[in-house]
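Q: Could you take a close look at how the side chains in this model hold on to one another? I'd like one connected walk through the contacts, please.

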Amino acid sequence: QLRLVESGGGLVQPGGSLRLSCAASGFTLDSLDIGWFRQAPGKDHEGVSCISSSGGTTNYKDSVKGRFTISRDDAANTVYLQMNSLRPEDTAVYYCTADRVMACSESYYAQKARYEYDYWGQGTQVTVSS
């Protein structure tokens, strides 16, 4: 089965850190641009960050710029999202996507739902609360 599997979520206090992982099952990520999204209850999904297949291009939404870092390890077939200085408004389900056509840029986040990308995961819950 071809899918992405996210892990690393949890409960953290404001100001804390988490590192999310996005691992591919049944295919390799090395030729694909990867994106991270999040969806809070009652809200639309929101693009967070993306990285190109080479790792040479990254993009961050303003709400996470300077706090989150995206990276990839193709040997491990995994993309990471390091999240520092977490805030309560970062609370959401985080999921990753991969697409054979969409390139990492502001336009990567244009799709309205995860299933509009070639591959997506079920997500991992991040809760930021004291």
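A: Let's settle one term before the tour: a residue is buried under 20% relative accessible area, exposed over 50%, and partly exposed in between. By that yardstick Glu46, with a relative accessible area of 29%, is partly exposed. Keep in mind that this is a predicted model.

Glu46 is a handy way in. Its side chain meets that of Arg38 in a salt bridge, at 2.8 Å from N to O. Arg38 comes out at 6% relative accessibility, so Arg38 counts as buried. As background, side chains of opposite charge can pair when their charged atoms come close.

Next, follow the charges onward. Arg38 and Glu46 belong to a network of salt bridges that also takes in Arg67 and Asp90. Within that network, the side chains of Arg67 and Asp90 meet at 2.7 Å, N to O. Arg67 lies in the loop between β6 (58-60) and β7 (68-73), and Asp90 in the loop between β8 (78-83) and β9, so this pair ties together parts that are 23 residues apart in sequence. Both Arg67 and Asp90 are buried.

There's another salt bridge to set beside these: the side chains of Asp62 and Lys65 meet at 3.0 Å, N to O. Asp62 is exposed, with a relative accessible area of 64%, and Lys65 is partly exposed at 49%. A search of the whole structure finds seven salt bridges, among them the ones between Glu46 and Arg38, Arg67 and Asp90, and Asp62 and Lys65.

Now for the rings. The model has seven aromatic pairs. One of them joins Phe37 and Tyr108, with 6.3 Å from centre to centre and 35 degrees between the planes, and this pair is tilted. Phe37 is in strand β4 (residues 33-39) and Tyr108 is in the loop between β9 and β10, so to speak a link between distant parts of the chain, 71 residues apart. At 0% relative accessibility, Phe37 counts as buried, and Tyr108 is buried too, with a relative accessible area of 0%.

Phe37 also pairs with Tyr109. Here the ring centres are 5.9 Å apart and the planes sit at 80 degrees, so the pair is edge-to-face. The link again spans distant parts of the chain, from Phe37 in strand β4 to Tyr109 in the loop between β9 and β10, 72 residues apart. Tyr109 is buried, with a relative accessible area of 9%. If you zoom out a bit, ring pairs link Phe37, Tyr95, Tyr108, Tyr109 and Tyr117 into a cluster.

Tyr95 brings the charges and the rings together. The charged end of Arg114 sits over the ring of Tyr95, 3.8 Å from the ring centre. A similar arrangement turns up with Arg19, whose charged end sits over the ring of Tyr80, 4.1 Å from its centre.

That leaves the covalent links. The count comes to two disulfides. In one, the sulfur atoms of Cys22 and Cys96 are 2.1 Å apart. Cys22 lies in strand β3 (residues 18-25) and Cys96 in strand β9 (residues 92-99), so the pair ties together parts that are 74 residues apart in sequence. The torsion about the S-S bond of Cys22 and Cys96 is about 85 degrees, so this disulfide is right-handed. Both ends are tucked away: Cys22 counts as buried at 0% relative accessibility, and Cys96 counts as buried at 0% as well.

The other disulfide joins Cys50 and Cys104, whose sulfur atoms are 2.2 Å apart. It links distant parts of the chain, with Cys50 in strand β5 (residues 46-51) and Cys104 in the loop between β9 and β10 (119-120), 54 residues apart. About the S-S bond of Cys50 and Cys104 there are 80 degrees, and this link is right-handed. Cys50 is buried, and so is Cys104. Counting the bonded cysteines along the chain, the disulfides follow the pattern 1-3, 2-4.

The loop between β9 and β10 is worth a second look in your viewer. Cys104 sits there, Tyr108 sits there, and Tyr109 sits there.

Methods
Residues numbered from 1 in each chain as written. Predicted model: local features only at pLDDT ≥ 70, side-chain atom pairs only at ≥ 80, totals over all residues. Heavy atoms only, no water. Disulfide = S-S within 2.5 Å. Helix = DSSP H or I, 4+ residues; strand = E, 2+ residues; numbered from the N terminus. Buried < 20%, exposed > 50% of the residue type's maximum accessible area, 1.4 Å probe, protein only. Phe/Tyr/Trp six-rings, centres within 6.5 Å; stacked < 30°, edge-to-face > 60°. Lys NZ or Arg CZ within 6 Å of the ring centre and 35° of its normal. Salt bridge = Lys/Arg side-chain N within 4 Å of Asp/Glu carboxyl O.
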